[in-house]
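Hello,

Here is the structure I promised to pass on to you. Please have a look at it first, and then read my notes below.

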Amino acid sequence: MSVNKSHNWKSSYHSIFDQKLQDIKNEGHYRYFNEIERKAGQYPKALHHKDGKTKEIDVWCSNDYLSMSQNTEVMSAMKNAVDQLGAGSGGTRNISGTTRFHVELEEKIAKLHGKERALAFNSGYSANDSALTSILSAIDNCLVLSDELNHASLIEGIRASKREKVIYKHNDPEHLKAVLKGIPFNRPKMIVLESVYSMEADFAPLKEIVEIAHEHGALIYLDEVHAVGLYGPNAAGLAEQEGVADQIDIINGTLAKAFGLAGGYIASSNSIIDFVRSFSKGFIFTTSMCPAVAAGTLKSVQTVQNQPEIRSRFFENVKLVKSELEKAGIPFLDSGSHIIPVIIGESKLCRKISDYLLEEHQVYVQPINFPTVPKGTERIRITPTPSHSKEDIKKFVNALTQAWVKFMPKHEQFISSNLQAKK
Ligand code: PLP
């Protein structure tokens, strides 16, 4: 690019961005946001606003897995906190931005994961990004072993630390072993992975990873964002369910998915948490979460733990959606987790199917396109909640079956014979 003084010189800068946007429009993965207004207490019902018109729809793609954003106890805790403390936190954690809700939330999270201490961030993304950057930067010559499907926040945190990184094949302990072969035990190492991969919906082989880490002297950083609140006897995530939480050095989680609000955290030893608290720029130089968010998430963690029926209803619904999809002959990735991806494999088609479902059937699943998933694996990602009724489920599967017949012709035969067999 060159800046020509005789012209409107600013346009040469803008054309860079316009061209990049045009490229992704041509490729079909430009992002259009649907304006969705959820109705408190009536989830999954929501209002969809488009072109001056409003329709009621059912949401089927939210990460508010347990509908905790709509939980009346959580909503009251937030309202009370606003009444008591006001709306904002007023500063960074160091400069007047630490309230009793922040302190209690961190104590609760540490207890949840059985760790000495925890640290809350404004999002799970910034927890990963900031914690990994600071921790890895402090460990000279640390080799990072990173699962190939790790989330952008993990990748960015590792990248910013400038430490050497080797990517191992997704959820493949044998490949991880092969990568580690010949690397001296005394070289510092960290394995970075997720417990539930939300786009593939699969579980990490945590027990094997823990064994490998032990054998090779590696720390483990585990992102439990899609597992915390859902799995394990105390809802602490997959590491708890697998009985290996005490072997994981740093656990990352979010307060925005199963716990329904916003914010993220890490839980670890006293020294690691104190270090991140004292050295991580992404923690130090930002305003702390609003007190109402800290109060609401604290209440949400307590409620999920005290009311196991919320999780039972959730898992029953996941099972029901899967069995209805099977009956309808709609293929989906099933690795046993709560997320149900249906692969479409083409970005424009994925958007068409999503638009059709929304416009014609008033059910909403967002198309998941590149860069969230690799090109050619575009998908819709179904997330049942405890709030979906049996009727909602039937309506949704029926709508998806019609979309499948209309847009995925090579599957039509298969589906019609399945439907025939059901009659
Ligand atoms: N880690 C993983 C695996 C995620 O999928 C996400 C987000 O969606 C995050 C971290 C970031 O969490 P948050 O939404 O709290 O920023």
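**What I found**

Let me start with two helices that pack together: from α2, the residues Glu73, Val74, Ala77, Met78, Ala81, Val82 and Leu85 meet Pro291, Ala292, Val293, Ala295, Gly296, Lys299, Ser300 and Thr303 of α11. By class, this contact between α2 and α11 has 10 nonpolar, 3 polar and 2 charged residues. Please keep in mind throughout that this is a predicted model.

As for the geometry of this pair, α2 covers residues 72–85 and α11 covers residues 291–306; their axes come within 8 Å and cross at roughly 150°. That angle makes α2 roughly antiparallel to α11, because angles over 145 degrees count as such. The crossing of α2 and α11 is right-handed.

Another helix pair is α4 (residues 124–138) with α5 (residues 152–161), whose axes come within 7 Å and cross at roughly 25°. An angle under 35 degrees counts as roughly parallel, and α4 and α5 are therefore roughly parallel to each other. Here too the crossing is right-handed, as α4 passes α5. On the α4 side the contact is made by Tyr125, Asn128, Asp129, Leu132, Thr133, Leu136 and Ser137, and these meet Ala152, Ser153, Leu154, Glu156, Gly157, Ile158, Ala160 and Ser161 in α5. Sorted by class, the residues where α4 and α5 touch are 7 nonpolar, 6 polar and 2 charged.

**Spaces inside and at the surface**

How many cavities of 30 Å³ or more does a search of the whole structure find? There is 1, and about 80 Å³ of space lies in it. The residues that line this cavity are Arg93, His102, Ala120, Phe121, Asn122, Gly282, Phe283, Thr286, Thr287, Ser288 and Met289. Both β4 and α10 supply at least two residues of that lining. Its make-up by class is 4 nonpolar, 6 polar and 1 charged residues.

You may also want to look at the second largest pocket, which has a volume of about 260 Å³. Its lining consists of 13 residues, and those nearest the centre of the pocket are Arg93, Thr98, Leu119, Arg277 and Phe283. Arg93 and Phe283 also appear in the lining of the cavity. At least two lining residues of the pocket come from each of α3 (100–113), β4 (117–121), α9 (270–279) and α10 (281–284). By class, the pocket lining has 5 nonpolar, 3 polar and 5 charged residues.

**Backbone details**

A few spots along the backbone are worth a look. Most residues other than glycine have a negative phi, and most peptide bonds are trans. Against that background, the peptide bond from Tyr43 to Pro44 is cis, with omega near 15°. Pro44 sits in the loop between β1 (35–38) and β2 (45–50). Phe370 and Pro371 are also joined by a cis peptide bond, with omega about 10°. For Pro371, the place is the loop between β15 (367–368) and β16 (379–382).

Which residue has a positive phi of about 50° although it is not a glycine? That is Asn171, found in the loop between β6 (164–168) and α6 (173–180).

Happy to go through any of this with you.

Best wishes

Key. Residues are numbered from 1 along each chain as its sequence is written. This is a predicted model: local features need pLDDT of at least 70, side-chain atom pairs count only at pLDDT 80 or more; totals for chains, interfaces and linings use all residues. Side-chain values use heavy atoms; hydrogens and water are left out. On a 1 Å grid over the protein atoms alone, a cavity is a set of points where a 1.4 Å probe fits but cannot get out, and a pocket is an open set with protein on both sides within 12 Å along at least five of seven lines; lining residues have an atom within 4 Å of a point. Grid points are joined across faces, edges and corners, and a volume is the space filled by probe spheres set on the points. Helices (H or I, at least four residues) and strands (E, at least two) are DSSP runs, numbered from the N terminus. Ala, Val, Leu, Ile, Met, Phe, Trp, Tyr, Cys and Pro count as nonpolar, Asp, Glu, Lys and Arg as charged, and the others, Gly among them, as polar. Axes are lines fitted to C-alpha atoms, for helices over the stretch in contact, and angles run from 0 to 180 degrees between N-to-C directions. Angles under 35 degrees count as roughly parallel, over 145 as roughly antiparallel, 65 to 115 as roughly perpendicular and the rest as oblique. A crossing is left-handed if the near helix is turned anticlockwise from the far one by less than a right angle, and right-handed if clockwise. Contact means heavy atoms within 4.5 Å.
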